[in-house]
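Morning, everyone. I have one structure for today, and I will go through the overall figures and then a handful of residues.

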Amino acid sequence: MLLSIVEPAAATGRIKEIYNMFPAEVGIPKTLQLYSASPELLNRQFGFISYFREHPRLSPGFSASLRYAVAVKSGHGACQLFNRNLLRKMGLEEHEIEQLAQTRSEKALEPDEQVLLDFVLKAVDEPTSVNSQDIETVKAHGYQESDLLDAMVMAGNMISSSVVWKTFGEK
């Protein structure tokens, strides 16, 4: 990496607390380790992670699927690998994981989650193509407007993370 980071073995204080939130079998996301170059940014980024972890309507499987799919689309190899491993731990097969990044493909998600993921992927591919009918379709599957915004912010965070990773981490 081009920036000095806090390696897991050397972490202390709040950074260690954040790192310890990730089970050893999953590991600490490399991008999150990169954010340790700015401890307060790492803390705030972890706040986002915690918010989505505890989301009342966006399941952990949906969130990992969204992150994986957007990581594929944005060429974010580190997050692709992390979320692929997380999805495997959740019981998904390789062919199911591969389909996640394809808009309108069969996915290993609940039907309502598939509708929301397809909405997000459409918006990531062509943001200006989203219209009120798209939003109403997703809302008809039980989601609130806040859920749509939350899912899009999660996707946007992944795209932002991809740019940061490609700049400082992928060397």
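A definition to begin with: helices (H or I, at least four residues) and strands (E, at least two) are DSSP runs, numbered from the N terminus. By that rule R84 sits in helix α5.

Now the ground rules. This is a predicted model, in which local features need pLDDT of at least 70 and side-chain atom pairs count only at pLDDT 80 or more, while totals for chains, interfaces and linings use all residues. Residues are numbered from 1 along each chain as its sequence is written, and side-chain values use heavy atoms, with hydrogens and water left out.

Overall figures next. The protein has 9 helices and 0 strands, and its pattern along the sequence reads α-α-α-α-α-α-α-α-α. The radius of gyration is taken over C-alpha atoms, and the globule rule is 2.2 Å times the number of residues to the power 0.38. For 171 residues that rule puts a compact globule near 16 Å, and the protein agrees, with 16 Å. Taken along the principal axes, the C-alpha atoms fill a box of roughly 50 × 30 × 30 Å.

On the surface, areas come from the Shrake-Rupley method with a 1.4 Å probe; for residues, only the protein chains shown count as cover. The protein exposes about 8900 Å², and carbon and sulfur atoms supply 55% of that. Buried means under 20% relative accessible area, exposed over 50%, and partly exposed in between (1.4 Å probe, protein chains only). Of the 171 residues, 40% are buried.

For charges, Lys and Arg count as positive and Asp and Glu as negative, with His and the chain ends not counted. Each charge is placed at NZ of Lys, CZ of Arg, CG of Asp or CD of Glu. That gives 17 positive and 22 negative side chains, and the centres of the two sets lie 6 Å apart.

Contact means heavy atoms within 4.5 Å. Among contacts between residues at least 6 apart in sequence, 63% join residues at least 24 apart.

Now the core. A nonpolar core is a set of buried Ala, Val, Leu, Ile, Met, Phe, Trp, Tyr and Cys residues joined through side-chain atoms within 4.5 Å. Which residues touch the most other members of the largest one? They are L66 and L116, in a core of 40 residues. Two or more residues come from each of α1 (13-20), α2 (30-35), α3 (39-53), α4 (60-74), α5 (77-89), α7 (111-125) and α9 (145-169). The most come from α4, which gives 7. Setting aside residues up to four places away in sequence, L66 touches L117, V120, A151, M154 and A155. As background, nonpolar side chains in soluble globular proteins tend to be buried together.

On to single residues; the contact lists that follow also leave out residues up to four places away in sequence.

Is R84 buried or exposed? R84 has a relative accessible area of 13%, so it counts as buried. Its contacts are Y68, E94, I97 and E98.

F82 is also in helix α5. At 14% relative accessible area F82 is buried, and it touches F22, V26, G27 and P29. From F82 to A64 is 18 residues in sequence and 9.3 Å in space, C-alpha to C-alpha.

S74 belongs to helix α4 and is buried at 16%. What does S74 touch? The list is M158, I159, S162 and K166. Y19, by contrast, is 55 residues from S74 in sequence and 25 Å away, C-alpha to C-alpha.

V124 lies in helix α7, in contact with V70, K73, A155 and I159. The C-alpha atoms of V124 and A155 are separated by 7.5 Å, with the two positions 31 residues apart along the chain.

Last is D134, in helix α8 (residues 132-139). Its relative accessibility is 15%, so D134 counts as buried. D134 is in contact with F119, K122 and S129. D134 and A123 are 11 residues apart in sequence and 9.9 Å apart, C-alpha to C-alpha.

That is the set. Questions, please.
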